[in-house]
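Welcome! Please take a look at the sequence and the structure below before reading on.

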Amino acid sequence: MAENDGSKADGAMLAIGELADRIGVPTHVLRYWETRFPELKPLQRSGRRRYYRAGDVALAERIHMLLHVEGYTVDGARKALADGAAPPVAAPAAADAPGTAATGQGGVPVEALIRLRQRLAAAIGVLV
């Protein structure tokens with residue numbers, strides 16, 4: 001559990017505003033994602049307040065990664081999640097652990113990004 005810094009314990013449910021702040025999107029975006037990604041089903045309590053469980057938080061983080069970091073469309077992200085092509089979001093501690101490979105945006109190893117860049121450049125006929 002975090003030291004008295006106002007953050008919740010791992011596994012605690014998050015209100016919609018807390019999750020929105022955590023991943024950096026407005027709350028209406030999370031409500032929109034609920035309509036487009038049937039897997040994202042937060043608990044709704046009295047007054048239709050939404051509470052996201054740990055699995056919902058991880059899924060929302062993956063959706064954010066696909067849409068806002070990797071540039072997928074909503075349909076593309078839905079397909080990637082359904083096909084299992086979307087890897088889970090890496091835990092921040094694992095990315096910062098000593099002895100791990102350097103990572104780029106989204107926790108992807110830099111070597112993988114370089115290989116991808118080379119493949120894309122070759123596909124469009126540009127020399128790198």
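The report below covers confidence first and then the strands.

This is a predicted model, in which local features need pLDDT of at least 70, side-chain atom pairs count only at pLDDT 80 or more, and totals for chains, interfaces and linings use all residues. Residues are numbered from 1 along each chain as its sequence is written, and side-chain values use heavy atoms, with hydrogens and water left out.

The average pLDDT (the predictor's confidence in each residue, from 0 to 100) is 77 for the chain, and 70% of the residues score at least 70. Among the elements, helix α2 (residues 27-36) has the highest mean pLDDT, 94, and helix α5 (residues 92-96) the lowest, 42. Helices (H or I, at least four residues) and strands (E, at least two) are DSSP runs, numbered from the N terminus. Residues 1-5 stay under 50 in pLDDT and have 2 contacts (heavy atoms within 4.5 Å) beyond four places in sequence. Residues 90-100 are also below 50, with 3 contacts beyond near neighbours in sequence.

Now for the strands, where pairing takes at least two DSSP bridges between two strands.

| Strand | Pairing with β3 | Bridge partners |
|---|---|---|
| β1 (residues 14-15) | 2 bridges, antiparallel | A15 and Y51 |
| β2 (residues 43-45) | 3 bridges, antiparallel | Q44 and R50 |

Strands β2 and β3 form a hairpin with 3 residues between them, and G47 in the turn has a positive phi of about 70°. Along β3 (residues 49-52), R50 and Y52 point to one face and are buried, while R49 and Y51 point to the other and are not. Buried means under 20% relative accessible area, exposed over 50%, and partly exposed in between (1.4 Å probe, protein chains only). In a regular strand the side chains alternate between the two faces of the sheet.
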